[in-house]
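Okay, can everyone see my screen? Give me a few minutes and I'll walk you through this one, starting with some rings.

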Amino acid sequence: FPISSILYDGGKADTSGLRLRKQDLAGTARIKSNRIDIGALEFLVGPSIISTDFPIAGCEGNTVVLSVTAGGPAPSYTWIRKSDTLKQTSFKLIINDFSIKDTGNYYVIVSNPAGSIASQKVNLQLAPAPVVSSLGPDTSICISSGFTLVLDKSYSAYEWNRGSLLPTFQPKLSDEYWVTVYNDQGCSANS
């Protein structure tokens with residue numbers, strides 16, 4: 001096909017995505033003695049951002065992961081927090097031991113030889129840990145008394161040290177008992 005038929009669109013040739021390069025993608029010189037060897041027709045495809053998974057809050061001390069799915073050949077990734085370029089260059093940004101110093105605006109720039117595109121920013125905040133109430137003082141009970149451990153506040157999820165996931169627990173043995181509670185953001189605390 002002649003190049004004009006490939007680029008023809010409603011009567012106009014669209015050359016906005018084309019650039020003349022002195023070398024092809026394999027590095028072979030294409031300009032020789034004032035002649036241009038076009039060889040095979042090459043198109044450079046710029047990167048695109050297909051999706052992002054950016055949480056809006058992280059729990060103190062936890063690991064927070066931001067990730068991007070990019071399209072286009074050979075993408076590279078530059079993560080930015082506030083105005084600082086971060087060292088991680090993967091499609092995932094992993095923040096270990098998240099704290100107040102890690103809060104702020106984050107985004108990623110996806111690049112390849114044909115160009116760059118920036119994601120939308122997310123303002124990553126520190127989610128508060130739940131304030132867990134005490135189970136009360138140590139208590140001696142008769143197992144057959146039907147004693148139930150109850151917290152005085154409701155949480156999103158519960159995990160007792162004996163495996164129960166219910167908000168209350170009835171001890172069957174003389175032992176120590178505690179519960180880990182989780183709030184809506186997934187942050188946890190122990191009683």
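So, first thing on my list is F169, which comes out as buried, with a relative accessibility of 13%. Before I go further: this is a predicted model, so please keep that in mind throughout.

Why do I start with F169? Because the cut-off for buried is under 20% relative accessible area, F169 at 13% falls on the buried side. Its partner is Y177, and that one is buried as well, at 16% relative accessibility. The two rings form an aromatic pair of the tilted kind, with 5.4 Å from centre to centre and 45° between the planes. And which residues make up the ring cluster here? W160, F169 and Y177, linked by ring pairs.

How many aromatic pairs does the structure hold? There are 4. Another one is Y155 with Y158, and this pair is edge-to-face: the planes sit 80° apart and the centres are separated by 6.1 Å. Buried or exposed, for Y155? Buried, with a relative accessible area of 11%. Y158 also counts as buried, at 9% relative accessibility.

Let me zoom out for a second. The protein has 191 residues, and 27% of them count as buried. In terms of secondary structure, we have 1 helix and 18 strands. For the contact people: take the contacts between residues at least 6 apart in sequence, and 50% of those join residues at least 24 apart. On the surface side, the protein exposes about 12,800 Å², and 53% of that is supplied by carbon and sulfur atoms.

Next up, the disulfide. A search of the whole structure turns up 1 of them. As a quick reminder, a disulfide is a covalent bond between the sulfur atoms of two cysteines. Here the cysteines are C59 and C187, and their sulfur atoms are 2.0 Å apart. If you care about the dihedral, it's -95° about the S-S bond, which makes the link of C59 and C187 left-handed. So what does the pair tie together? C59 lies in strand β6, residues 57–59, while C187 lies in the loop between β17 (179–182) and β18 (188–190), so the bond joins parts that are 128 residues apart in sequence. Both C59 and C187 are buried, by the way.

Now for a sheet. This is an open one built from 3 strands, in the order β5-β7-β10, with antiparallel pairing. Which strands sit at the edges? β5, residues 48–53, and β10, residues 92–95, each pairing on one side only. On average, neighbouring strands in this sheet are turned by 15° against each other, ignoring direction.

Going through the pairings: β5 and β7, where β7 is residues 64–71, run antiparallel and are joined by 5 bridges. If you want a spot to click on, D53 stands opposite S67 in β7. On the other side, 4 bridges join β7 to β10, again antiparallel, and there you can find L66 standing opposite L93 in β10. How covered is β7? Mostly: 6 of its 8 residues are buried. And for general background, in a regular strand the side chains alternate between the two faces of the sheet.

While we're in this region, have a look at S48, which lies in strand β5. S48 counts as partly exposed, at 32% relative accessibility. Leaving out residues up to four places away in sequence, S48 touches T69, A70, G71 and I117. There's also G72, which is 24 residues from S48 in sequence and 6.2 Å from it in space, C-alpha to C-alpha.

Last stop is K82. Where is K82? In the loop between β8 (76–81) and β9 (84–85). K82 is partly exposed too, with 48% relative accessibility. With residues up to four places away in sequence not counted, K82 touches K101, T103, G104, N105 and Y107. K121 is another lysine to look at: K82 and K121 are 39 residues apart in sequence, and their C-alpha atoms are 9.6 Å apart.

That's what I had. If you take away one picture, make it the ring cluster of W160, F169 and Y177, plus the C59 and C187 disulfide. Okay, over to you, and I'm happy to spin the view around.

Methods: Residues numbered from 1 in each chain as written. Predicted model: local features only at pLDDT ≥ 70, side-chain atom pairs only at ≥ 80, totals over all residues. Heavy atoms only, no water. Disulfide = S-S within 2.5 Å. Helix = DSSP H or I, 4+ residues; strand = E, 2+ residues; numbered from the N terminus. Buried < 20%, exposed > 50% of the residue type's maximum accessible area, 1.4 Å probe, protein only. Phe/Tyr/Trp six-rings, centres within 6.5 Å; stacked < 30°, edge-to-face > 60°. Pairing = 2+ DSSP bridges. Axes fitted to C-alpha atoms, helices over the stretch in contact; angles between N-to-C directions. Contact = heavy atoms within 4.5 Å. Areas by Shrake-Rupley, 256 points an atom, 1.4 Å probe, with all protein chains shown as cover.
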